[in-house]
Amino acid sequence: MKKIFLSLILIIALGTLSMAQVTVDVFINGIKAGQISLKANQAFGGLSYKKSTYKNIDKLTIQIQGKSVDGGYYRKVHVIGDDVTPILIADETVGAVGQFILTNKDIIKRLKNGKPITLYVEKTPANTKSTEPVSKVYIGTLTREK
């Protein structure tokens, strides 16, 4: 009976882990400051930081991984503010798959002022003969606690 019960718990735990499609690690000044885990097609979720966290921010980097963003794609991260127009479109860091440096004075100023930024990754198929369209995947929102 114990073996069946433990097996059931293990199956449920593994099923829950496999549902997470994108994991985003957020680094502030080179130190891991948090992680966002999103399921496929999830359109909300993110991290909220205290005002003191953003006070001394000099460098903002994210590392993405997961089924929704893996594969033969060229990836760019779009950082959106209040408008539909991106504040920044960041290319993937050369030599570091899934890493994006988002250090930009407008983004840092926005976070310090308590305004959120929303992040999307744009996936363009690396195979030029592919008929798959370019797609955007929501990867989180960074906000500041009031």
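Rings of Phe, Tyr and Trp (its six-membered ring) are taken to pair if their centres lie within 6.5 Å, and planes over 60 degrees apart make the pair edge-to-face. By this rule the structure above, a predicted model, has two aromatic pairs. In the first one described here, the ring centres of Tyr49 and Tyr54 are 5.5 Å apart and the planes meet at 75 degrees, so the pair is edge-to-face. The bullets below go through the tyrosines, then strand S9 and the overall fold.

**The aromatic pairs**

- Tyr49 has a relative accessible area of 8%, so this residue is buried.
- Its partner Tyr54 is buried too, with a relative accessible area of 1%.
- Tyr120 and Tyr138 make up another edge-to-face pair, with 5.6 Å from centre to centre and 70 degrees between the planes.
- Because Tyr120 belongs to strand S8 and Tyr138 to strand S9, this pair ties together parts that are 18 residues apart in sequence.
- How do Tyr120 and Tyr138 fare for cover, buried or partly exposed? Tyr120 counts as partly exposed at 28% relative accessibility, while Tyr138 counts as buried at 10%.

**A charge over a ring**

- Another tyrosine, Tyr73, has a charged neighbour: the charged end of Lys123 sits over the ring, 4.6 Å from its centre.

**Strand S9 and its partners**

- Strand S9 spans residues 135–144 and is mostly covered, with seven of its ten residues buried.
- Strand S8 (residues 117–125) pairs with S9 in the antiparallel sense, over seven bridges.
- Within S9, Val137 is the residue that stands opposite Val121.
- Which way does strand S3 (residues 46–49) pair with S9, parallel or antiparallel? The S3–S9 pairing is parallel and runs over four bridges.
- Leu47 has Leu142 as its bridge partner in S9.
- As a reminder for reading these strands, side chains in a regular strand alternate between the two faces of the sheet.

**The protein as a whole**

- The secondary structure comprises three helices and nine strands.
- Read from the N terminus, the order of elements is α-β-β-β-α-β-β-β-β-α-β-β.
- Of the 146 residues in the protein, 36% are buried.
- Taking contacts between residues at least 6 apart in sequence, 60% join residues at least 24 apart.
- About 9300 Å² of the protein is exposed, and carbon and sulfur atoms supply 57% of that area.

How values were computed:
Residues are numbered from 1 along each chain as its sequence is written. This is a predicted model: local features need pLDDT of at least 70, side-chain atom pairs count only at pLDDT 80 or more; totals for chains, interfaces and linings use all residues. Side-chain values use heavy atoms; hydrogens and water are left out. Buried means under 20% relative accessible area, exposed over 50%, partly exposed in between (1.4 Å probe, protein chains only). Helices (H or I, at least four residues) and strands (E, at least two) are DSSP runs, numbered from the N terminus. Two strands pair if DSSP finds at least two bridges between them. Rings of Phe, Tyr and Trp (its six-membered ring) pair if their centres lie within 6.5 Å; planes under 30 degrees apart count as stacked, over 60 as edge-to-face and the rest as tilted. A charge sits over a ring if NZ of Lys or CZ of Arg is within 6 Å of the ring centre and within 35 degrees of the ring normal. Contact means heavy atoms within 4.5 Å. Accessible areas come from the Shrake-Rupley method with a 1.4 Å probe; for residues, only the protein chains shown count as cover.
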